[in-house]
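The report below considers how the parts of one protein chain are held against one another, taking the nonpolar cores, a helix, the charged pairs and the aromatic pairs in turn.

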Amino acid sequence: WLKSNSAGTGAYVLRSFKPNEGYILQAREGHWRGDAPIKNVLMRHIPEGATQRLLLEKGDIDIAREMTPTDIEGVSGNPEIVVQKDVGGQIYYLAMNQKVADLANPKVLEAMRWAVDYQGMADSILKGQWVVHQSFLPKGFLGALDDTPYSLDLDKAKAALAESGVKLPLEVSLTVRNNPERMNIAQSVQHTFGQIGINVTLDVGDGKQVLEKYRGRQHQIALQTWGPDYPDPHTNASTFAENPDNSDAAKATGYLAWRTAWDPGAMGAQAEAAVAEPDAAKRAAMYENMQRVHRDSSAFVTMFQMARQDALRTNIKGFHAGGATDQASYWTVTK
């Protein structure tokens with residue numbers, strides 16, 4: 001029903017929708033926030049970034065939201081176009097299965113944190129699309145940490161591995177979805193891990209195959225992304241830092257900690273206490289403390305947060321891309 005109808009009390013109602021073509025939003029008269037200045041908004045499905053760029057430069061569209069970094073760079077010098085930067089809620093991470101003895105070794109996990117080329121990837125293969133981020137709460141959420149204490153340091157990584165006592169080279173597999181971006185990240189990790197004595201074999205599959213293996217705790221290392229389900233820090237804390245039953249029989253696939261067989265211990269109770277804390281400042285401090293412990297001792301290596309680069313005609317004002325809550329606002333736009 002919602003494919004062709006509207007419900008709710010938003011600033012716009014759905015006037016028409018054609019799959020793979022686009023849809024039209026019509027301003028709701030008497031909206032409780034005030035009528036939207038733009039009466040009609042046409043969304044067009046244009047999957048090619050280069051086509052979006054051409055239409056934007058010609059003035060046929062006002063906002064382009066899916067352009068490639070190359071296209072963004074190309075319009076950056078155009079006086080009729082402004083590039084607006086924002087972040088999204090999605091984060092990239094590595095998950096090390098704690099059922100694999102060597103991957104449950106704290107010093108191996110520490111070595112891996114120092115063996116990722118975070119900034120190198122952000123400046124090259126992920127330029128404009130992802131930024132370095134190392135905490136389970138995305139920037140923009142209450143209590144999110146912005147500092148990034150880990151960087152590529154092969155000497156520190158090798159020293160941690162030496163302290164681990166594991167036999168080198170360590171042979172591991174990295175389960176990754178077969179799309180270009182994820183493959184590029186996986187190959188970078190494979191390269192830098194190889195320099196410290198961790199030989200990585202890429203276990204490549206389609207999205208369904210990779211997710212089934214991850215949810216079945218059958219991976220060794222998994223490259224994954226996670227996005228918040230709702231705009232509150234508990235959406236991420238409850239899955240990264242809680243795991244009430246770490247047994248295989250639990251089949252608690254809703255917890256990322258369970259999927260990678262990691263028992264967060266007391267952190268689970270801390271997450272439950274944080275969601276019930278009514279004082280915002282105290283609550284933020286609780287999440288900050290959890291993230292620091294999680295970042296240094298969990299079975300996860302968080303690497304990146306989604307970045308957005310939206311290109312707008314200069315006569316468009318008041319557009320908000322939605323930040324980490326992924327909720328774009330058009331009812332504030334003027335033209």
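A nonpolar core is here a set of buried Ala, Val, Leu, Ile, Met, Phe, Trp, Tyr and Cys residues joined through side-chain atoms within 4.5 Å, where buried means under 20% relative accessible area. The structure under discussion is a predicted model, and every value given for the model is computed from that prediction.

**Nonpolar cores and helix α6**

The largest nonpolar core has 39 residues, and those with the most contacts inside it are Leu-94, Phe-193, Ile-198, Ile-221, Leu-223, Met-303 and Phe-304. Helix α6 gives the most to this core, with five residues. If neighbours within four places in sequence are left aside, Phe-193 is in contact with Leu-94, Met-112, Ala-115, Val-116, Ile-198, Val-200 and Ile-221. A second core, separate from the one just described, has 22 residues and includes Ile-91, Trp-226, Trp-262 and Met-290.

Helix α6 itself comprises the 15 residues 180-194, and because each residue should add 1.5 Å, the helix should span 21 Å; its end C-alpha atoms are 21 Å apart, which agrees with that expectation. The buried residues of α6 are Arg-182, Met-183, Ile-185, Ala-186, Ser-188, Val-189, Thr-192 and Phe-193. As background to such a list, an α-helix has 3.6 residues a turn, so residues three or four places apart point the same way.

**Salt bridges**

Side chains of opposite charge can pair when their charged atoms come close. In this model the count comes to 14 salt bridges, and three of the pairs are set out below with their closest N to O distances.

| Acidic residue | Basic residue | N to O distance |
|---|---|---|
| Glu-80 | Arg-313 | 3.2 Å |
| Asp-248 | Lys-99 | 3.1 Å |
| Glu-163 | Lys-107 | 3.4 Å |

Glu-80 forms its salt bridge with Arg-313. Glu-80 lies in the loop between α2 (69-75) and β5 (81-96), whereas Arg-313 lies in strand β10 (residues 300-313), so the pair ties together parts that are 233 residues apart in sequence. Glu-80 is partly exposed, with a relative accessible area of 40%, while Arg-313 counts as buried at 14% relative accessibility.

The side chains of Asp-248 and Lys-99 also meet in a salt bridge. This pair links distant parts of the chain, 149 residues apart, with Asp-248 in the loop between α8 (234-240) and α9 (256-259) and Lys-99 in the loop between β5 and α3 (106-113). Asp-248 counts as partly exposed at 42% relative accessibility, and Lys-99 is partly exposed with a relative accessible area of 46%.

Glu-163 and Lys-107 make up another such pair. Glu-163 lies in helix α5 (residues 154-164) and Lys-107 in helix α3, so the pair ties together parts that are 56 residues apart in sequence. Glu-163 counts as exposed at 55% relative accessibility, whereas Lys-107 is partly exposed, with a relative accessible area of 26%.

Beyond these pairs, Arg-53, Glu-57 and Asp-71 are linked in a network of salt bridges.

**Ser-164 in helix α5**

Ser-164, which has its place in helix α5, counts as buried at 12% relative accessibility. Its side chain reaches the backbone oxygen of Leu-161 at 2.5 Å. With neighbours within four places in sequence left aside, Ser-164 is in contact with Asn-105, Lys-107 and Val-108.

**Aromatic pairs**

A search of the whole structure finds 10 aromatic pairs. The rings of Trp-114 and Tyr-150 have their centres 4.8 Å apart and their planes at 65°, so the pair is edge-to-face. Trp-114 is in the loop between α3 and α4 (118-123) and Tyr-150 in the loop between β6 (130-132) and α5, a pair that links distant parts of the chain 36 residues apart. Trp-114 counts as buried at 12% relative accessibility, and Tyr-150 counts as buried at 11%.

For Phe-319 and Tyr-330 the ring centres are 5.3 Å apart and the planes stand at 40°, so the pair is tilted. Both Phe-319 and Tyr-330 lie in the segment after β10, 11 residues apart in sequence. Phe-319 counts as buried at 3% relative accessibility, and Tyr-330 is buried with a relative accessible area of 17%.

Finally, Tyr-93, Phe-136, Phe-240, Trp-262 and Phe-300 form one aromatic cluster; Trp-262 is also included in the second nonpolar core.

Terms used. Residues are numbered from 1 along each chain as its sequence is written. This is a predicted model: local features need pLDDT of at least 70, side-chain atom pairs count only at pLDDT 80 or more; totals for chains, interfaces and linings use all residues. Side-chain values use heavy atoms; hydrogens and water are left out. Helices (H or I, at least four residues) and strands (E, at least two) are DSSP runs, numbered from the N terminus. The expected span of a helix is 1.5 Å times one less than its number of residues. Buried means under 20% relative accessible area, exposed over 50%, partly exposed in between (1.4 Å probe, protein chains only). A salt bridge is a side-chain nitrogen of Lys or Arg within 4 Å of a carboxyl oxygen of Asp or Glu. Contact means heavy atoms within 4.5 Å. A polar contact is a pair of N or O atoms within 3.5 Å; within protein, one must be able to donate a hydrogen and the other to accept it, and residues adjacent in sequence count only if both atoms are side-chain atoms. Rings of Phe, Tyr and Trp (its six-membered ring) pair if their centres lie within 6.5 Å; planes under 30 degrees apart count as stacked, over 60 as edge-to-face and the rest as tilted.
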